[in-house]
Amino acid sequence: MFVLDVTYTAPPAAVDALLPDHVAWLQEQFDKGVFLAAGPKNPRDGGVILAVGEDRARIEEIIAGDAFAVAGVGTYRVTEFVATRTAPELVRHRHTPS
């Protein structure tokens, strides 16, 4: 699992102008089963995405397709973690030691 921490690097108007493209990209990743949750931070200086993927390299490829990354209005910090405990709805993403 991965936590994608987005920090805006441009004024709100520049971010808002790209929001429709960003939301379409989010939906595409939700439809593919890559993103599990997403939303803005409070205060609204970025956002957070919970994602699953085969490896960090693939997650970084996906991020590179976001309008925020392409236009340089946001930077991503990627944290990989091993989910050893989850809510029942996320059990399929839980890591179990072999």
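Buried means under 20% relative accessible area, exposed over 50%, and partly exposed in between, with a 1.4 Å probe and protein chains only. Keep that scale handy for the exercises on this predicted model, where local features need pLDDT of at least 70, side-chain atom pairs count only at pLDDT 80 or more, and totals for chains, interfaces and linings use all residues. Residues are numbered from 1 along each chain as its sequence is written, and side-chain values use heavy atoms, with hydrogens and water left out.

**Exercise 1: charged pairs**

Work out how many salt bridges there are, and look at the accessibility of the residues in them.

Step 1. Set the rule: a salt bridge is a side-chain nitrogen of Lys or Arg within 4 Å of a carboxyl oxygen of Asp or Glu. The count comes to five.

Step 2. Start with Arg58, whose salt bridge to Glu61 has its closest N and O atoms 2.9 Å apart. Both residues sit in helix α2, three residues apart, or about one turn. Helices here are DSSP runs of H or I with at least four residues, strands are runs of E with at least two, and both are numbered from the N terminus. Arg58 has 29% relative accessibility, so it counts as partly exposed.

Step 3. Stay in helix α2 (residues 56–63), where Glu60 and Arg56 are four residues apart, again about one turn. Their salt bridge has a closest N to O distance of 2.9 Å. Glu60 is partly exposed at 38%, and Arg56 is partly exposed at 34%.

Step 4. Add Lys32 and Glu28, whose side chains meet in a salt bridge at 3.0 Å, N to O. Lys32 is exposed, at 52%, whereas Glu28 is partly exposed, at 38%.

**Exercise 2: aromatic rings**

Find how many aromatic pairs the whole structure has, then sort out the geometry around Phe35.

Step 1. A pair of aromatic rings is described by the distance of the centres and the angle of the planes. The rule is that rings of Phe, Tyr and Trp (its six-membered ring) pair if their centres lie within 6.5 Å; planes under 30 degrees apart are stacked, over 60 edge-to-face, and the rest tilted. The search turns up four aromatic pairs.

Step 2. Take Trp25 and Phe35: their ring centres are 5.2 Å apart and their planes are at 75°, so this pair is edge-to-face. Trp25 belongs to helix α1 (residues 12–31) and Phe35 to strand β2 (residues 35–40), so the pair ties together parts that are 10 residues apart in sequence. Trp25 is buried at 6%, and Phe35 is buried at 3%.

Step 3. Now swap in Phe30: its ring and that of Phe35 have centres 6.0 Å apart and planes at 85°, so that pair is edge-to-face too. Phe30 is partly exposed, at 30%.

Step 4. Put it together: Trp25, Phe30, Phe35 and Tyr76 make up one aromatic cluster.

**Exercise 3: strand β1 and its partners**

Describe the two faces of β1 and say which strands it pairs with.

Step 1. Split the faces. Phe2, Leu4, Val6 and Tyr8 form the covered one, while Val3, Asp5 and Thr7 form the uncovered one.

Step 2. Two strands pair if DSSP finds at least two bridges between them. β1 and β3 are antiparallel, with six bridges, and Leu4 has Ile49 as its bridge partner in β3.

Step 3. Turn to strand β4 (residues 74–80), which runs antiparallel to β1 and is joined to it by seven bridges. Here Tyr8 stands opposite Gly74.

**Exercise 4: an unusual peptide bond**

Locate the cis peptide bond that joins Asn42 and Pro43.

Step 1. Most residues other than glycine have a negative phi, and most peptide bonds are trans.

Step 2. For the bond between Asn42 and Pro43, omega is about 10°, and the bond is cis. Pro43 is found in the loop between β2 and β3.
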